[in-house]
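Visitor: Please take me on a close look at one part of this model. I would like to see how the chains fit together, and what the helices do where they meet.

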Amino acid sequence: MTAVTVADLALLVGGRVVGDGTRPIRGLADLRAAGPDELGFVRDAKFAELAAKSRAGAIVVAEPLDIGTAQIVAAPADVAFAKIGLHFHPVPRAKQHRIHRSAVVEDGALIGEPVEIGAHCVVGERATVGAGSLLGAGVVVGADVRIGRDCTIYPRVVLYPGVVLGDRVVVHSGTVIGSDGFGYARDAAGWVKIPQIGIVQVEDDVELGANVTIDRATLGVTRIGRGTKIDNLVHVGHNCAFGEHCAVAGFSAFSGSTIFGDRVVLGGHIVSAGHLRVVDDARIGGNSVLYGDVTEAGDYLGYPLQKKARWGRTFHVLDRLPEVFAELRELKRRRDEPGE
Amino acid sequence: MTAVTVADLALLVGGRVVGDGTRPIRGLADLRAAGPDELGFVRDAKFAELAAKSRAGAIVVAEPLDIGTAQIVAAPADVAFAKIGLHFHPVPRAKQHRIHRSAVVEDGALIGEPVEIGAHCVVGERATVGAGSLLGAGVVVGADVRIGRDCTIYPRVVLYPGVVLGDRVVVHSGTVIGSDGFGYARDAAGWVKIPQIGIVQVEDDVELGANVTIDRATLGVTRIGRGTKIDNLVHVGHNCAFGEHCAVAGFSAFSGSTIFGDRVVLGGHIVSAGHLRVVDDARIGGNSVLYGDVTEAGDYLGYPLQKKARWGRTFHVLDRLPEVFAELRELKRRRDEPGE
Amino acid sequence: MTAVTVADLALLVGGRVVGDGTRPIRGLADLRAAGPDELGFVRDAKFAELAAKSRAGAIVVAEPLDIGTAQIVAAPADVAFAKIGLHFHPVPRAKQHRIHRSAVVEDGALIGEPVEIGAHCVVGERATVGAGSLLGAGVVVGADVRIGRDCTIYPRVVLYPGVVLGDRVVVHSGTVIGSDGFGYARDAAGWVKIPQIGIVQVEDDVELGANVTIDRATLGVTRIGRGTKIDNLVHVGHNCAFGEHCAVAGFSAFSGSTIFGDRVVLGGHIVSAGHLRVVDDARIGGNSVLYGDVTEAGDYLGYPLQKKARWGRTFHVLDRLPEVFAELRELKRRRDEPGE
């Protein structure tokens, strides 16, 4: 990897150099493993000692540390470190126009230039793939799918017919977008399938993790809003909607028609009952269950879902239930004692 | 899409026409988005106002509404709407015989006619695929698998060797059927694999969602009974059995040898501890954990699993735990007060 | 399958023969279904009656039963049964060197001999595949991946670039190893991706179930230790580490930087909050949530996570919450009664 000076990297993120700005840097590393041409990162003062011992050529910090190592001072430091990281390790995109000979591109598909289409891909009839987009091996793009510009679709993703992706969308392997929502009507003879004829719309700058499933709407649209990030093994039911810039940690499931506002942050292993709304700027901690609307921004947690501070108290009692029970029994016993 | 008159559609579902039965209909739509050649749906009187404002050409209703729009009156209305929907959007099946040139069909495989086998599919030795069945791109069918007639296997499904599917089975993308059950014996040196040599049997009219996993039996059969529907990201352990016409919402996991009767309905995010039985016609709400048998039909919920009505009371207390704790403390304080 | 005598099988597992050791055995079966050339298994005396009725040619037992059937007495019996099972049904490995004509092997890939590479596989640049390893159909091996000897990679697994597998690793279908960890920094404009440039290291004798996801480290290594077994639909976050010989039942999720020691046993549906440590020989029951370190070996359970015995008492109270509440109310009522 080509080296860049510490000063150049500081410039890239609008940071200030402390120490030797001429030092060449070739990449990122953990403070413990970094070599003299690598850049480390100190989230906060807690890691100052580790930084002092590190062989890293330079360190990104929010506040300058009193050590000899060259430093790029920028706040927030994690944003600066991320941006420098993306300089060395950009998200893979198509640079040359390359359609693997084993890929199958159906009639009427519209392929921009440059586009990379990996081995054993299938691009369905009338699908479009925007310039700069990269499809890893074995990706299946259904008929009438629209993939925007500069998207990164990792191997073995499936996009069902009619799915729409914006620009710079990243989808990790094994993820399935546009499968049928779970909808049946109960007849005397059993379940009658309700056709799922809506679509899924994934807006610009969304990133989806591995083995995620996003169902198409029954009618209308299942929507993942601009800039939203979803982690691995998440199920998004039909007609759900995420607003813009949400973050959804892994191993969660959202029943049909759960509607999230903008900038909602969800911890891992959250489940929603469906047909409910969560307001902009709600932050819901991991292992929570949503049974009703969240109408006010703030921090929530638990099952039952409560304001985070309240859940702390609930959790405290849950953790003492055997003693609570014993105390109650003791009170009762004394109440019932003849001597009383 | 070819148009059909409102009267024809009413005939299809045994419904009654109110208003103009000659109006041509070309498809389904949400009431808010429907145009004059589209059919809408009103689940109940709550949506009457929405129906009155809709531009839909006709509406399926359980009870006639006092509005000018043409109506198909049929009960249950959702079944009627589903059946009409399937008229316009039938489940995709093979109509012509087409085996993609890139598909690999091994020796001794028995392929009915017509069958559609998509690009980059693999059909293993001695596997059978019944007439009318459709395999999307990249489906892997192991040796000795038997796929019945009129099945729809979406892209990138994997069927391990020996798996058996009945007729009209639908399997969504990324689903894996027949992987090894999780079975090991503990030796001094570590875990010794217990070979998983049973099969998976998926009966007629089953539908499985995306990224589902169904493990083969250790010995014998893991069975998904006729007409059962399973949603996305569900794990079915080895030797589990579902009876007929069950419905299993997404993001659930059933440990080995969980045995469900017929017509069991399971909400999302349910986990079973394994080696237990659930009787016919049990309905278990989402976010429940099963540790023991359910021996009586009815509605259940929670962790601990309780009759639904009881869980309502349990949940009420859970939601008030801080106050419960405070009251207990207050009682204790007053009990211990010297003045007492 | 070739027959082997009962005596030969006993020899294989260091067991003792009771009854007719000359009887030929061709495979394993469930006691209820076994025929006279099949071997059954009796876990404990509870199944003695079933064994007496079985038509099995021989039975593996820990203690001899007073029945006429030939018996292989070995303890632990499940280990003996597993080892005999592996004799009849060994894990599939490459015996002949066969690279399917549709497979794509990129420049500089180093393929041992014999290796089986299935249809539509892709092996990336500079990847290595050790002798004896078998890649099922549609496996995608990224650039610079290292696969050891005698590995079994089932169809449609994806290994991202740089992933390292040891020897005798088994990976089931749909599993994704090396996808990006979920890491973003929050900027005024939205989420900035933190490049995930570490790797995943899967050590010798690991087995991973179907549709598992294991994220690469941000920097450094996500590690699955030697002999560890992981079930279906498990999410392992970036920078997690499992020690040696752990067992992880299905449908679980471990947030970033969860560090497990050796021989940890985890039930199904366990979630960890991340950045925590679990000591060697901890056993954590299903449906538990880990919020902090587990510093002492032993059995744990629940949410809040407690020593197993304590959780039993907690669960007892949870199951009686409506009555607990009623009792408290009654105590309060009597306390407040004028008569007091």
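Guide: Start with chain C and chain A in this predicted model. Turn chain C by 120°, shift it 0.0 Å along the axis, and it superposes on chain A with an RMSD of 0.0 Å. The copies use different surfaces: 20% of the contact residues of chain C recur in chain A.

Now take the next pair. Chain B can be laid on chain C, again by a turn of 120° and a shift of 0.0 Å along the axis. The RMSD is 0.0 Å. This is the relation of a three-fold axis. Only 20% of the interface residues of chain B are also interface residues in chain C, so these copies meet through different surfaces.

Look at the contact between chain C and chain A. Chain C gives 46 residues and chain A gives 51 residues. On the chain C side, several elements supply two or more residues each. Among them are the strands β21 (176-179), β22 (184-187) and β23 (190-193) of chain C. Strand β26 (213-215) also belongs to this list, and so do the helices α4 and α5 (321-336) of chain C. Sort that side by class and you get 25 nonpolar, twelve polar and nine charged residues.

Chain B and chain C come next. Here 46 residues of chain B are in contact with 51 residues of chain C. The elements of chain B that each supply at least two residues include β21 (176-179), α4 (308-318) and α5 (321-336). The side of chain B that touches chain C has 25 nonpolar, twelve polar and nine charged residues.

Now zoom in on one helix, α5 of chain A. How do we describe a pair of packed helices? We use the angle between their axes and the distance between the axes.

Helix α5 (residues 321-336) of chain A packs with α5(B) at an angle of about 40°. Their axes are 11 Å apart. That makes α5(A) oblique to α5(B). The crossing of these two helices, α5(A) and α5(B), is left-handed. Which residues meet in this contact? From α5(A) come Val324(A), Glu327(A), Leu328(A), Leu331(A) and Arg334(A). Facing them from α5(B) are Phe325(B), Leu328(B), Leu331(B), Lys332(B) and Arg335(B). By class, this contact has six nonpolar, no polar and four charged residues.

Helix α5(A) also has a partner in chain C. The axes of α5(A) and helix α4 (residues 308-319) of chain C come within 8 Å. They cross at roughly 60°. Therefore α5(A) and α4(C) are oblique to each other. The crossing of α5(A) with α4(C) is left-handed. On the α5(A) side, look for Leu321(A), Pro322(A) and Phe325(A). They meet Arg310(C), Arg313(C), Thr314(C), Val317(C) and Leu318(C) in α4(C). This contact divides into five nonpolar, one polar and two charged residues.

Last, step back to chain A as a whole. Its domain assignment gives domain 1 (4-88), domain 2 (98-312) and domain 3 (315-340). The centres of domain 1 and domain 3 of chain A, taken over C-alpha atoms, are separated by 57 Å.

Conventions: Residues numbered from 1 in each chain as written. Chains lettered and ligands numbered in written order. Predicted model: local features only at pLDDT ≥ 70, side-chain atom pairs only at ≥ 80, totals over all residues. Least-squares fit on C-alpha atoms with pLDDT ≥ 70 in both. Contact = placed C-beta atoms within 7 Å. Helix = DSSP H or I, 4+ residues; strand = E, 2+ residues; numbered from the N terminus. Nonpolar A, V, L, I, M, F, W, Y, C, P; charged D, E, K, R; others polar. Domains from an automatic or database assignment. Axes fitted to C-alpha atoms, helices over the stretch in contact; angles between N-to-C directions. Parallel < 35°, antiparallel > 145°, perpendicular 65-115°, else oblique. Left-handed = near helix turned anticlockwise from the far one by under 90°.
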